[in-house]
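User: Please take a close look at the loops in this model, with attention to unusual backbone geometry. Then place them in the setting of the whole chain.

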Amino acid sequence: MVRPWALLGLLALACSLRAARAQAGGMQAWAADIARLMGADSMPASNKPDGVVQTHTQPAGPADGLLVDDQTKQASQYQYVWQGPVSAGSGSLPIVQKHPYAVLALETIGFLHVAKMIEERRQERLSPPPPPSPPPPPPPFVPPTPEYFVQVADGNFIVGAGDGTCSHIYPAGFNKFEFVEAGAAAPILYDARLTEPGLTGPAVVRHMLDQAAESKLSLLRMNAFAVDLFYTVLSQAVPGESDPVANEGVLRGLDYVLAEAQKRGIRVLLVLTDYNVNSGGPLQYLQFAGVDTRCGYDSFPSCASVLAQFYTDAKARQYFKQYAQLLITRRNTVNGRLYNEDPTIFGWDLMNEPRCEVEGCVDPETRASLIGAWVDEMASFVHSLDSSHLVTVGLDGFYLYPPGLATNPFSVAADYGSDFVEISQNSKLDFAEFNVYPDLWNQASSFDWLDAWIQQHSDDARSAQLAKPAIVKEFGMAPYTDGKRELFYTAMVDKQLSTLAADRDAVGGLKGGLYFQGWTEGTTSVWYTLDPAGRTGVLPSDPAYAQVQRLAAGAQALGSSLPCPDNLRLAPVFPPVPNCPAGFEGASCDVDVDECARGLDDCDVNAACINTVGSFTCQCRLTYSGSGRTGDCAADPAAQAAVFALFRTYADGDGNLLRSNKQGDGFAFVPYPPTAPGWNPDPTGYYTSTPQLAASSRRLNMTALECGLACQTAGESECTSFFYNEAAQSCILKKDECFNEPNLVLDTAAFCTYPLFEENVPLPVGDQTVVCGFGYTYFRSSTPLPAGCVPT
């Protein structure tokens, strides 16, 4: 039997639940108000029969949404009693007006809810804040592994092998031109051009080193500076006066090559300057020194006489030393190693192919030479900064005196001011170098000359006068369609291997060979060389490359073990190998990796790669849609056509497209947008050095459509025109150019002179002049004529 009071209780509970749901918002608001006033409470909140009582030192009134009950024993404190939903400023709502049982149930639920919220807030305030989330665990510890410097002992290259044993090594390797620029992610290369879509210079570095490691090549010889004037590693604020300053972005390209070579166990021979180049060569150092380097035309002196000053000009020599010291004492920004403490570096090559071709370069009585004196000074300087690495100079290998004189490939070689024996016998040089170029030196009619040439240098290196190792620093052959390159590569490798074997473990002699030059897929030489790998590059698909691999295997097989001589530099060293999380590098793992510049992203070729700290994002370019990842940027041809239709060209009566030759009052070069086609990162800073360069595309083979998309990406009000260089396939974005008829002209073509090559002929047969610059302007059709475009 159900008693009446029980039914009444159930009814009251139901009512209270319904009322609680209706008043939940009010309860939460009250709880927040009460908690807000708890910042300095002296007593905890308590549940009492007439509500939740909070004693607080701060008074409050109806305007605060609380009913104040000041019936307290301490006049300085106040009690706040919740008695139901009270709006701010309205006072209290008498609970007695409600049904007593419903009120009791409602109060119980509401008071407990508020009390819980108050207690939670109080605990949050009294408890210390939670500690921050721990950083991600560091990568697993990688124990250091021993590495060894290459040294010379008893006329052999020797390295430590652990447990007191050492090994004679016979380096086989390759040369690579323009490798600093590639490592620095220069957007456009001029030797091995980046023709594969999406390919970056650092990716070329990795591909080339992977290719070399797979072929068992152990030594890379490269310039330790940029050979392209666009990316020159040194510059002067005041030409001829201020000290040269280094481009850190370019130097980081060298850091990257060294770090990647170390990962693959490939050592690097660094060339400090090159007689044959302007950027980083003697000519540039003379310009820094304030020497007038105009030469070879009108009444100016011969270029040979100007270059000869490099060996004697005090300021030019000083600037060369400054750069050498900068490198030798540099800390690698990728792996944190000091260059002079990094066993990856095989040694320092003072200069590639030094020459001195004027009277006074050599004293015929004493055989003293300007080159010899310069080499002596610079070798001493380098050794004073670095006692761990070898030093050499990259001679052609020509002779001034018998018996070697008879083996010179051509008669004027004796006029180049350096003798292989006289220069190489300097005790401050640890090993000797020479070249082998049968066809370039007009010795490709038989194999006799190359056999005699290599043998002569081997004999000289084993002589008591030298008694030091020698390497073929460069051997190569131009491309031929009749198989001649493969035949001569075979002969050159045959002679090197047989001589290496004969000189094995001898005091001095031939100890290694490097071909010129390495080449990898995805890069293409300039068109006039008539070959994808240029005049000297050898792709793995070239039949001659099999001979390179044969040299590497044969040289590796000659290695032998022996007890280590008493030389502290043969002991193992443990350079730092930072084990950084993905996206970071450096000695402290605090350098952000630009995955976009490095080519480490997986963005589609039609997507922009946007570097972020520790990572990157991909974004499909204008008129493409998708995630931006490889294979997921679909083109919208209709949208592309619509964008291109926004621009128009003007032509003369003969149908020739015209360019603007006048700028409006608001003219500006428009910075090239990073998400547009034709944009690539440029850590070297070249493309930000002037406003015009900042507005220029940074990729080969641009189309007019892609330039239009770039202009549209920059913004309709920002980019109102672009100049398309049809000859160079590039563009420049602009704003407010004049397009009225008096200010439109036919572009004046720019002409460039290039060597003229013919198939199966190693040297140029002459010069050719071709159009290398010619274009016209595309104007945004909707743009009104800019102010200031009146005829001049």
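Analyst: Helices (H or I, at least four residues) and strands (E, at least two) are DSSP runs, numbered from the N terminus. The model is predicted, so local features need pLDDT of at least 70 and side-chain atom pairs pLDDT 80 or more, while totals for chains, interfaces and linings use all residues. Numbering starts from 1 along each chain as its sequence is written, and side-chain values use heavy atoms, without hydrogens or water.

The chain has 18 helices and 35 strands. Of its 792 residues, 51% are buried (under 20% relative accessible area; exposed is over 50%, partly exposed in between; 1.4 Å probe, protein chains only). Among contacts (heavy atoms within 4.5 Å) between residues at least 6 apart in sequence, 69% join residues at least 24 apart.

The part to look at most closely is the loop between strand 18 (509–515) and strand 19 (523–524), which holds Gly 518. Gln 517 belongs to this loop too, between strand 18 and strand 19. The peptide bond that leads from Phe 516 into Gln 517 is cis, and its omega is near -5°. Gly 518 counts as buried because its relative accessibility is 0%. If neighbours within four places in sequence are set aside, Gly 518 is in contact with Phe 174, Asn 175, Lys 176 and Met 208. Met 208 is 310 residues away from Gly 518 along the chain, yet the C-alpha atoms of the two are separated by 7.3 Å. Met 208 itself falls within the range of helix 5 (201–214).

A second cis peptide bond runs from Pro 402 to Pro 403, with omega near 0°. Pro 403 sits in the loop between strand 15 (390–394) and helix 11 (420–424).

Two further loops contain a residue with positive phi. The loop between helix 5 and strand 10 (219–223) contains Lys 216. Lys 216 is not a glycine, but its phi is positive, at about 65°. With a relative accessibility of 47%, Lys 216 counts as partly exposed. Asn 442 lies in the loop that runs between strand 16 (432–436) and helix 12 (448–462). Phi of Asn 442 is near 60°, again a positive value in a residue other than glycine. Asn 442 counts as exposed because its relative accessible area is 58%. The buried state of Gly 518, at 0%, can be set beside these values for Lys 216 and Asn 442.

For the strands, one sheet serves as an example. An open sheet of four strands has the order 5-6-7-20 and antiparallel pairing (two strands pair if DSSP finds at least two bridges between them). At its edges are strand 5 (151–153) and strand 20 (560–563), each of which pairs on one side only. Strand 5 runs antiparallel to strand 6 (residues 156–162) and is joined to strand 6 by three bridges. One bridge links Ala 153 to its partner Asn 156 in strand 6.

To return to the loops, the backbone features to check are the cis bond from Phe 516 to Gln 517, the cis bond from Pro 402 to Pro 403, and the positive phi values of Lys 216 and Asn 442.
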